[in-house]
Structures are given as structure tokens and as C-alpha cells.
Amino acid sequence: MVEYRIDRRSGVATYVQIVQQTKQALRLGLLEPGDKLPTAREVVEATAINPNTVLKAYRELEREGLVEARRGLGTFVRKSLGATPVDSPLRAELDAWTGRAREAGLEREDVAALFTSVLDEHFTNDHGKGDEE
């Protein structure tokens, strides 16, 4: 089961954080079709957020076709987004690189900015899968 972590300082709406974290869990294979999401009450107890915020996030996920609410049973994953399991060798490489970045004195925001700039180079402006420069 996914455990949501809310960063109130991030500037990202709380419901969006729930949606993003759910999608990340789907991409990493931590959530799979048929899995049950935590109830709104469980999320509220773990994060101290408003129940309507959780329900808004779940409705957004349902609108995107990723989950479905079953009356009286809960909210269940309908489809996966994953192509990269959590135990991927690529994740291990990224983990090692992130460790080196921290040892070099980079802060979280520095690492995020650096990683985002590299992502942008590879995934924008006609750069598709397998393109090398």
C-alpha cells in the first residue's frame, strides 16, 4: 500500500501531491491493477489533511482512468503506468549518482534542478526514445 507524504512547503497543492505520488507508485510497480488505495480516513489520519482533499485527488485519478471507486469497498487501481520496476538497475545507478551528488554538497533542490535540466534535454524538442547527441 502507498503511504502519502505531504510537503506543505512545496507550493504544490496537497491533492496534486497525492495524485503525483500515486502515479509514481504506479510507474514503479509499487501499485498494480487490483490493489486497494488507502481509505480517505487512513490518509487523513496519516497526513492530517482534509478528507475532501483526499477525495478530490481520488476523483482526479478516477477521471484519468487509473483507479475506480467501488461503493462500500474502497478505491482500486485499474491500470498500471509502470515500465520501470523499483528494483531496476537504472534505479540503482540513479541512487548511486544521487549519493555522489549529496557527498559533493548539493542540496535536494540543486539535485532536482540538475536532473530536470538533463531530463529536459532528452525529452523535449524532438528528442525521443533512443536519440543520442
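Let us begin with the lining of the second largest pocket, to which α3, β1 (67-70) and β2 (74-77) each supply at least two residues. Please keep in mind throughout that the model is a predicted one. Which element gives the largest share of this lining? It is α3, with four residues. In total, 17 residues line the second largest pocket, and those nearest its centre are Leu55, Tyr58, Ala69, Gly74 and Thr75. As for chemical character, the lining holds eight nonpolar, four polar and five charged residues. The volume of the second largest pocket is about 250 Å³. On the idea behind such a search, rolling a probe the size of a water molecule over the atoms shows where empty space is left.

I now place these elements within the chain. It contains five helices and two strands, and read from the N terminus their order is α-α-α-β-β-α-α. The chain has 133 residues, of which 23% count as buried. If we take the contacts between residues at least 6 apart in sequence, 54% of them join residues at least 24 apart.

One residue of the pocket lining, Tyr58, leads us to the next topic, the largest nonpolar core. Which members of this core touch the most other members? Among its 19 residues, they are Ile18, Leu37 and Tyr58. Two or more residues of the core come from each of α1 (14-27), α2 (40-47) and α3 (51-63). If we set aside residues up to four places away in sequence, Tyr58 touches Tyr4, Ile18, Leu37, Pro38, Val43, Val67 and Thr75. Tyr58 therefore touches the two other residues named with it, Ile18 and Leu37, and it also lies among the residues nearest the centre of the second largest pocket.Let us turn to helix α1. How does the length of α1 compare with what its residue count leads us to expect? At 1.5 Å a residue, the 14 residues of α1 should span 20 Å, and the end C-alpha atoms are 20 Å apart, which agrees. The buried residues of α1 are Gln17, Ile18, Val19, Gln21, Thr22, Ala25 and Leu26. What covers them includes α2, α3 and β2. After α1 comes Gly29, whose phi is positive, near 80 degrees.

Gln21, in helix α1, deserves a closer look. Is Gln21 buried or exposed? Its relative accessible area is 19%, and the cut-off for buried is under 20%, so Gln21 counts as buried. Apart from neighbours within four places in sequence, Gln21 is in contact with Glu3, Tyr4 and Arg5.

Two of these partners, Tyr4 and Arg5, are found in the segment before α1. Tyr4 is buried, with a relative accessible area of 7%, whereas Arg5 counts as exposed, at 62% relative accessibility. What does Tyr4 contact, leaving aside its neighbours within four places in sequence? The partners are Ile18, Gln21, Thr22, Leu37, Pro38, Val43, Thr47 and Tyr58. For Arg5, with the neighbours within four places again left out, the contacts are Gln17 and Gln21.

Gln17 also serves as a reference point for distances. The C-alpha atoms of Tyr4 and Gln17 are separated by 8.3 Å, with their positions 13 residues apart along the chain. For Arg5 and Gln17, 12 residues apart along the chain, the separation of the C-alpha atoms is 8.2 Å.

My last point concerns the backbone. Most residues other than glycine have a negative phi. Ala48 is not a glycine, yet its phi is positive, at about 60 degrees. Where does Ala48 lie? Its place is the loop between α2 and α3. Since exposed means over 50% relative accessible area, Ala48, at 62% relative accessibility, counts as exposed.

Technical notes:
Residues are numbered from 1 along each chain as its sequence is written. This is a predicted model: local features need pLDDT of at least 70, side-chain atom pairs count only at pLDDT 80 or more; totals for chains, interfaces and linings use all residues. Side-chain values use heavy atoms; hydrogens and water are left out. A nonpolar core is a set of buried Ala, Val, Leu, Ile, Met, Phe, Trp, Tyr and Cys residues joined through side-chain atoms within 4.5 Å. Buried means under 20% relative accessible area, exposed over 50%, partly exposed in between (1.4 Å probe, protein chains only). Contact means heavy atoms within 4.5 Å. On a 1 Å grid over the protein atoms alone, a cavity is a set of points where a 1.4 Å probe fits but cannot get out, and a pocket is an open set with protein on both sides within 12 Å along at least five of seven lines; lining residues have an atom within 4 Å of a point. Grid points are joined across faces, edges and corners, and a volume is the space filled by probe spheres set on the points. Ala, Val, Leu, Ile, Met, Phe, Trp, Tyr, Cys and Pro count as nonpolar, Asp, Glu, Lys and Arg as charged, and the others, Gly among them, as polar. The expected span of a helix is 1.5 Å times one less than its number of residues.
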